[in-house]
Amino acid sequence: MSVFPKDFLWGAATAAYQVEGAHDADGKGLSNWDLFSHLPGTTYQGTNGDVAVDHYHRFKEDVALMAELGMQTYRFSISWPRVLPQGRGEVNEAGIAFYSGLIDELLKHNIRPMITLYHWDLPQALQEAFGGWGSREIVEAFDEYARLCYQRFGDRVDLWSTFNETVVFIGMGYFTGAHPPSLTDPQQGIQACHHVFLANARAVKSFREMGIRGQIGFVNVMQPHDPISDSPQDRRACEIAEGIFTHWLYDPVLKGEYPAELLAMAQQAFGVPQFAPGDEALLKDNIVDFIGLNYYKREMVAHNDDVNGYAINTSGQKGSGRELGFKGLFKLVRNPHGVYTDWDWEIYPQGLTDAIGRIVKRYGNIPIYITENGLGAKDPIVDGEVRDQPRIDYLRDHIQAIGAAIEQGADVRGYYPWSFIDLLSWLNGYQKQYGFVYVDHANNLARRKKQSFGWYQRVIASNGERL
Ligand code: BGP
């Protein structure tokens, strides 16, 4: 018998900027990514989402493929500047019509939509008006945007999440400079992150005030950290890394407060986050209904008195990344016994069971969705077929890891592999493939089912029994 509950949801995920294309169609406003990806040297070989895989124009064909795959749910994001070109104020009805049509098409095929409100494409107008996430004004603007989405789509959509992976868009946007707005300013970054938590809380409050039927959650990277050795220094370094990358991002949305020790450290070192009257209560009173976990890899941690900085592998040449380190705190190091992808991500399915266990231990048995999980690889084409056996192996092992967590009592309700279709990887171009569906960039973006498509079809049909 399957370990997955009868009503477990099998799906897949994407995000607007990575699939839609149509970057300036039908009144869409400019996003931070539209601008950033066109600046020299920012992305792999200058790739961008101008056309992406043209999902905007081909969504009916794509939804038909989702239905054929047997998907019961689809996680996608709304492009904020497509519906509010200036970020607030005037609504772009053509943008609303696109998402409305997509939702109707999904429902026609019995596929339950899960909407992500913010998957990193900020209206550039708001960046220019007040510095985007750097300013408190964003909280009001985000709430206006969220309310618009609830109002227009809330009659048909009952699974929502406010943000995707704050640690990435804030970490890379404000600490390492690899995402827009390309800053390396921890003080602004910590404060910007605070504004994200406030925006989340405001949007959750509005969701409830408006009586929207359904659940609203928050999606985080789940990257369990393990110490590279048993030495007290490595264990302490690991504690700090887990605190910064996990507890800092989860506690404010699941407990309504920051982890106390780290908060004190940040405020002492940088004077932030700065709280305004009402912030604390807003966070406390608006805990999310569920947590979405995006799991790809775990990280090994060592104490660090040499490395500062980092370099990421964006080429798919194994070993081309460099360790990430914050001098005096910790560094992320390679596991000598680990198995790695071509982008130097450790493949470690057990980490997913562990991660879910850690969430349950810290936050109680809350509803969990695995909102992303997948293998980025250059898939070989053999005799005309896209043979992605390594992806099948990866997903199978991770589905088993979720099964193990469910057997241990965790309330995991759904699984969204990343990704439904091959799409743009933010900094790695189109060569880092994740999908069940291949897109032929040399042949008018034609769609083709991969080997994994038939496999996942059987997984879904058997509720996770036939792996
Ligand atoms: C997550 C993002 C996704 C997606 C995925 C794969 O961080 O939420 O948007 O891109 O990672 O990452 P990458 O494309 O860098 O391989």
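Tutor: Helices here are DSSP runs of H or I with at least four residues, numbered from the N terminus. The model is predicted.

Student: Where does Pro273 lie, given that numbering?

Tutor: Pro273 is in the loop between helix 11 (260–270) and helix 12 (279–285).

Student: What makes the peptide bond between Val272 and Pro273 a cis bond?

Tutor: Its omega is about 0°. A second cis peptide bond joins Pro180 and Pro181, with omega about 10°. Pro181 belongs to the loop between helix 8 (166–176) and helix 9.

Student: What is notable about the phi of Ser182?

Tutor: Ser182 is not a glycine, yet its phi is positive, about 60°. Ser182 also sits in the loop between helix 8 and helix 9.

Student: Why is Ser182 called partly exposed?

Tutor: Its relative accessible area is 37%. Buried means under 20% and exposed means over 50%, with partly exposed in between. Ser182 at 37% is therefore partly exposed.

Student: Why is Gln45 called exposed?

Tutor: Gln45 has a relative accessible area of 67%, and the cut-off for exposed is over 50%, so Gln45 counts as exposed. Gln45 lies in the loop between helix 2 (32–36) and helix 3 (55–69). Its phi is positive too, near 50°.

Student: How do you know that Tyr434 makes a polar contact with the ligand?

Tutor: A polar side-chain atom of Tyr434 is 2.5 Å from an oxygen atom of the ligand. The limit for a pair of N or O atoms is 3.5 Å, so this pair qualifies. Glu372 has a polar side-chain atom 2.9 Å from a ligand oxygen atom, and Trp426 likewise has one at 2.9 Å.

Student: How much of the ligand's accessible area does the protein cover?

Tutor: The protein covers 90% of the 370 Å² that the ligand has on its own.

Student: Which classes make up the shell around the ligand?

Tutor: Six residues are nonpolar, five polar and three charged. Of the 14 residues around the ligand, those that come nearest are Gln18, Glu165, Ser425, Lys432 and Tyr434.

Student: What makes a set of residues a nonpolar core?

Tutor: The members must be buried and joined through side-chain atoms within 4.5 Å. The largest such core has 138 residues, and Phe153 is one of those with the most contacts inside it. Helix 9 (residues 186–209) gives the largest share of this core, eleven residues.

Student: Which residues does Phe153 contact, leaving aside neighbours within four places in sequence?

Tutor: They include Ile78, Tyr99, Ile115 and Trp160.

Key
Residues numbered from 1 in each chain as written. Predicted model: local features only at pLDDT ≥ 70, side-chain atom pairs only at ≥ 80, totals over all residues. Heavy atoms only, no water. Near = heavy atom within 4 Å. Polar contact = N/O pair within 3.5 Å; in protein donor to acceptor, adjacent residues only side chain to side chain. Areas by Shrake-Rupley, 256 points an atom, 1.4 Å probe, with all protein chains shown as cover. Nonpolar A, V, L, I, M, F, W, Y, C, P; charged D, E, K, R; others polar. Buried < 20%, exposed > 50% of the residue type's maximum accessible area, 1.4 Å probe, protein only. Helix = DSSP H or I, 4+ residues; strand = E, 2+ residues; numbered from the N terminus. Contact = heavy atoms within 4.5 Å.
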